[in-house]
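Hi everyone, thanks for making time. I'd like to walk you through one model today, starting with the ligand and then moving on to the helices and domains.

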Amino acid sequence: MTKRFDGKVALITGAGGGIGHSVVTKLVEGGARVALADVSAESAERMSAEIQAGGGQAIALPGDLTDGDYCDSLPGLVVEALGGLDILINNAGLMRRGPVTEASDEDFALSMAVNVEAPFRLVRAAIPLMEKAGGGTIVNTASCWGLYPGPDHLVYCTTKAAIAAMTRCLGRDHAHQNIRVNAVCPNEVNTPMLRTGFSIRGLDPDTAIADLNATVPLGRIAEPEDIADVIAFLASDDSRYMCGALLEVNGAKPVF
Ligand SMILES: NC(=O)c1ccc[n+]([C@@H]2O[C@H](COP(=O)([O-])OP(=O)(O)OC[C@H]3O[C@@H](n4cnc5c(N)ncnc54)[C@H](O)[C@@H]3O)[C@@H](O)[C@H]2O)c1
């Protein structure tokens with residue numbers, strides 16, 4: 001039986017994280033060959049070994065997305081290793097919290113480097129390769145918090161607004177090359193990013209998530225799979241007429 005990602009090669013950043021791991025699983029289940037990028041070489045290599053043990057094709061290309069040379073070279077390395085690059089998932093990200101008066105230079109520089117500059121470098125390198133191959137799809141992980149002002153997250157919201165704007169520009173500029181660029185905009189998702197945030201603030205993550213669940217009209221915050229399914233949809237031909245879309249996936253919970 002043909003699967004929806006048969007013959008496709010995908011590069012996923014933040015592959016070892018909560019949403020990233022789930023996206024990788026869905027792409028592999030769909031028949032894709034995957035290149036796993038993460039700052040944690042251990043998680044990228046372990047996942048790659050697990051996929052290969054299960055009969056899939058994967059390669060770990062770990063590195064730090066604050067390294068411009070690494071970002072610039074990554075799409076080409078994927079083509080060399082797996083013979084193409086059809087899908088780029090810009091998923092890696094980090095969150096620094098607090099209002100502007102508490103934000104350090106390092107908070108701003110690091111957040112911009114990982115959440116904005118890295119996707120910029122990756123798409124800049126990937127688009128010519130995709131164009132040469134006749135097209136491709138790019139999915140960015142933005143956030144509802146980049147579309148609306150989430151409280152006391154100035155730096156994070158600014159970076160996610162930037163990736164949302166980038167998505168719209170790319171969707172507009174590269175459709176004529178058969179390259180579709182879209183973004184998913186989640187609200188809260190039950191991942192290490194959210195859970196460690198609670199721990200840092202001295203809260204028990206399970207209790208804090210139970211409290212958050214009560215604020216969502218659908219009754220719970222998102223699990224990584226809820227977001228990964230939408231990313232896989234945007235990466236697949238099922239979304240073939242979508243370009244520059246920012247898909248809010250929020251269980252009906254507004255940012256307030
Ligand atoms: N969890 C949420 O509530 C939520 C909500 C909206 C959007 N998002 C976005 O979803 C994406 C995935 O986040 P997640 O929730 O799965 O978090 P996560 O912390 O589980 O995963 C983030 C991944 O990014 C990687 N990463 C971070 N800095 C890196 C660097 N310098 N170089 C290379 N890799 C690096 C981490 O190693 C990790 O694997 C992020 O872009 C995040 O902003 C998350």
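**Around the ligand**

The shell around the ligand is made of twelve nonpolar, twelve polar and three charged residues. Here Ala, Val, Leu, Ile, Met, Phe, Trp, Tyr, Cys and Pro count as nonpolar, Asp, Glu, Lys and Arg as charged, and the others, Gly among them, as polar. Before I go on: this is a predicted model, where local features need pLDDT of at least 70, side-chain atom pairs count only at pLDDT 80 or more, and totals for chains, interfaces and linings use all residues. Residues are numbered from 1 along each chain as its sequence is written.

Which residues come nearest to the ligand? Of the 27 around the ligand, they are G14, G17, G93, T191 and M193; a residue is near if its C-beta atom, placed from the backbone, lies within 6 Å.

Domain 1 (9–187 + 223–248) and domain 2 (188–221) each give the shell at least three residues, with bounds from an automatic or database domain assignment. The C-alpha centres of these domains lie 23 Å apart. Ten residues of domain 1 are in contact with seven of domain 2, meaning C-beta atoms, placed from the backbone, within 7 Å.

Now the helices, which are DSSP runs (H or I, at least four residues) numbered from the N terminus. Helix 1 (18–29) and helix 6 (192–200) each supply at least two shell residues. Helix 4 and helix 5 are roughly parallel to each other, the term for angles under 35 degrees.

Technical notes: Parallel < 35°, antiparallel > 145°, perpendicular 65-115°, else oblique. Contact = placed C-beta atoms within 7 Å.
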